[in-house]
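Q: Hi, could you go through a protein structure with me, step by step?

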Amino acid sequence: MGFVAAAALAGGALAGIVVYVGAYDIGADAPHSKPVYWLVEQFRDRSIAVRSRDISVPANLMDVKRLQSGAGLYTEMCSGCHLAPGLEKSEISQGLYPRAPELFREPQRSAKEQFWIIKHGVKLTAMPAWGKTHSDELIWDMVAFVRQMPKMSPAQYQAVISSAPEDHDAMMKDMPGMTKTMP
């Protein structure tokens with residue numbers, strides 16, 4: 001038992017020294033080593049899976065109005081980082097580390113996981129917690145659209161976003177934290 005306590009103390013002291021001297025380069029332009037990246041991915045993926053498992057997916061996830069609403073939200077809030085069919089990489093998307101997944105090209109997570117990620121965000125990735133300002137209904141609209149995007153050509157994407165029902169400010173006028181105060 002004494003050996004385990006001594007080893008834990010030594011490990012904690014070593015970790016403290018590494019943190020204190022700034023030995024680990026946290027810059028977004030200095031990628032993690034493969035073992036560190038693997039560990040971060042495992043930690044992230046397991047955390048999301050555990051926290052999203054009891055979420056109920058709405059039966060009307062593929063409703064046309066939901067997809068149109070999601071298209072408008074995605075274009076305003078997500079396409080700069082995650083891109084979309086026919087969009088070129090942006091300054092933001094090129095500077096992110098870890099890189100934001102290009103949701104129209106990459107394998108999809110489950111709808112439950114997508115909802116959880118959009119609502120709660122992901123620490124140290126620049127993925128915001130949209131649940132602070134967006135209702136669950138609007139988040140499900142985004143999930144619905146993201147799930148359809150891989151099937152879209154650039155022309156189809158443009159057609160869908162042009163049919164979005166309202167501009168983003170109009171959609172957000174009644175959301176918590178979004179009221180504007182006049183000077």
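A: Below we talk through the fold, the core and a few backbone details of this model, which is a predicted one.

Q: How many helices and strands does the protein have?
A: There are 9 helices and 0 strands in the protein, and reading along the sequence gives the pattern α-α-α-α-α-α-α-α-α.

Q: Okay, and is the whole thing more spread out or more compact?
A: The protein is more spread out than a compact globule, because its radius of gyration is 20 Å, well over the 16 Å that the globule rule gives for 183 residues. Along the principal axes, the C-alpha atoms fill a box of roughly 65 × 45 × 35 Å.

Q: What share of the residues is buried?
A: Buried residues account for 31% of the 183 residues. As for the surface, the protein exposes about 11900 Å², and carbon and sulfur atoms supply 62% of that area.

Q: Which residues touch the most other members of the largest nonpolar core?
A: Those are Tyr74 and Met149, in a core that has 31 residues. Helix 3 (64-77), helix 6 (111-120) and helix 7 (136-148) are the elements that give two or more residues to this core, and helix 7 gives the most, with 8 residues.

Q: Following up on Met149, what does it touch?
A: Leaving out residues up to four places away in sequence, Met149 touches Tyr74, Leu83, Ala84, Pro85, Leu103, Phe104 and Tyr157.

Q: Leu83 is in that list, so where is Leu83 placed, and is it buried or exposed?
A: Leu83 sits in the loop between helix 4 (79-82) and helix 5, and it counts as buried because its relative accessibility is 3%, which is under the 20% cut-off. Its phi is near 65 degrees, a positive value in a residue other than glycine.

Q: What about Ala126, where does it lie, and is it buried or exposed?
A: Ala126 lies in the loop between helix 6 and helix 7, and it counts as exposed because its relative accessibility is 57%, which is over the 50% cut-off. Its phi is near 75 degrees, again a positive value in a residue other than glycine.

Q: New topic: which residues does a cis peptide bond join?
A: A cis peptide bond joins Tyr97 and Pro98, with omega at about 0 degrees, and Pro98 lies in the loop between helix 5 (91-95) and helix 6.

Q: Last one, how many positive and negative side chains are there?
A: The protein has 19 positive and 19 negative side chains, and the centres of these two sets lie 7 Å apart.

Conventions
Residues numbered from 1 in each chain as written. Predicted model: local features only at pLDDT ≥ 70, side-chain atom pairs only at ≥ 80, totals over all residues. Heavy atoms only, no water. Helix = DSSP H or I, 4+ residues; strand = E, 2+ residues; numbered from the N terminus. Rg over C-alpha atoms; globule rule 2.2 N^0.38 Å. Buried < 20%, exposed > 50% of the residue type's maximum accessible area, 1.4 Å probe, protein only. Areas by Shrake-Rupley, 256 points an atom, 1.4 Å probe, with all protein chains shown as cover. Lys, Arg positive; Asp, Glu negative; His and termini not counted. Charge placed at Lys NZ, Arg CZ, Asp CG, Glu CD. Core = buried A, V, L, I, M, F, W, Y, C linked by side-chain atoms within 4.5 Å. Contact = heavy atoms within 4.5 Å.
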